[in-house]
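Reader: Hi! I've got a protein open and I'd like to talk through how its parts fit together. Can you help me read it?
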Amino acid sequence: MEIPPSHYPANRAASVVLHYFVYQRGSPFRLFEMGRVNQASLEDIPGTGHKYHLKFEVKESIQNGSSLNCTAEILYHHGETPVAPEVHYALEGEFETHSKEADSILYNRIQHLSEPLETKNIPDNDGNMTEEMKPIFNLAKVASGYIVWQNSTENTWYNMIQIQNVKQMKRNDDYLEFSYEVLFHDIASQEIIPWHMQVLWHPQHGVKVAENSRQSK
């Protein structure tokens, strides 16, 4: 069944695909944003759930702003036990830019800090953040893609909006580890949700959410 690509259900489903994509491919200096949804349809699979078929634009939001078309499917499972949506996507081409050099510089700088990194309120209540803290915020945005993917349903539309606290943890290997307390905004319900994320990052191995938990308000 075709559904209007500009309407809420199509954009909400495409947003989950985008978060899944960002978690796989993002970094402190590489983020992506969703462009226009060009085509959308909904398939009812009896006994399983709803599958959305989507075509939309994915745009680099930090580098040169190039866009690629993305064809995707996302299956929301119906049932009493919550299950993460199944996501499959394909890009028409590949983004030409990369962030390896900038990521490596940031990684080395954090590795050689005299004290572990620790800060709060990024951005502040007026929406401001320093240039120095933008990569730390971007790292949380990449990690939040995992949270959005794992916890989304057809009735949610999550987006991470603020780091309340972030603290670098000591490790005995090459990974950097950060303990994040962040806020998500559910656009569907207008609810603000606190969440804890334990995030590992290495520029050669990407971002991994080691632990996460929804917090009480």
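Reader: How far apart do the C-alpha centres of domain 1 and domain 2 lie?
Author: They lie 21 Å apart. Keep in mind that this is a predicted model.

Reader: Thanks! And where are the two domains in the sequence?
Author: The domain assignment gives residues 8-91 to domain 1 and residues 100-214 to domain 2.

Reader: How many residues are in contact between them?
Author: On one side there are 23 residues of domain 1, and they are in contact with 27 residues of domain 2.

Reader: Cool. What area do the domains bury between them?
Author: About 2200 Å², with 66% of it on carbon and sulfur atoms. On the domain 1 side, H19, Y23 and P28 supply 34% of the area buried against domain 2, more than any other three residues.

Reader: Switching topic: how many salt bridges cross that interface?
Author: Zero, by the rule used here. There are polar contacts, though: 10 residue pairs between domain 1 and domain 2, counting pairs with both residues at pLDDT 80 or more.

Reader: Which helices or strands of domain 1 supply at least two residues to the touching side?
Author: Both α1 (8-25) and β2 (49-60) do. The largest share comes from α1, with nine residues.

Reader: And what classes of residue make up that side of domain 1?
Author: The side of domain 1 that touches domain 2 has 14 nonpolar residues, along with seven polar and two charged ones.

Terms used
Residues numbered from 1 in each chain as written. Predicted model: local features only at pLDDT ≥ 70, side-chain atom pairs only at ≥ 80, totals over all residues. Heavy atoms only, no water. Domains from an automatic or database assignment. Contact = heavy atoms within 4.5 Å. Buried area = accessible area lost by both parts, 1.4 Å probe. Salt bridge = Lys/Arg side-chain N within 4 Å of Asp/Glu carboxyl O. Polar contact = N/O pair within 3.5 Å; in protein donor to acceptor, adjacent residues only side chain to side chain. Helix = DSSP H or I, 4+ residues; strand = E, 2+ residues; numbered from the N terminus. Nonpolar A, V, L, I, M, F, W, Y, C, P; charged D, E, K, R; others polar.
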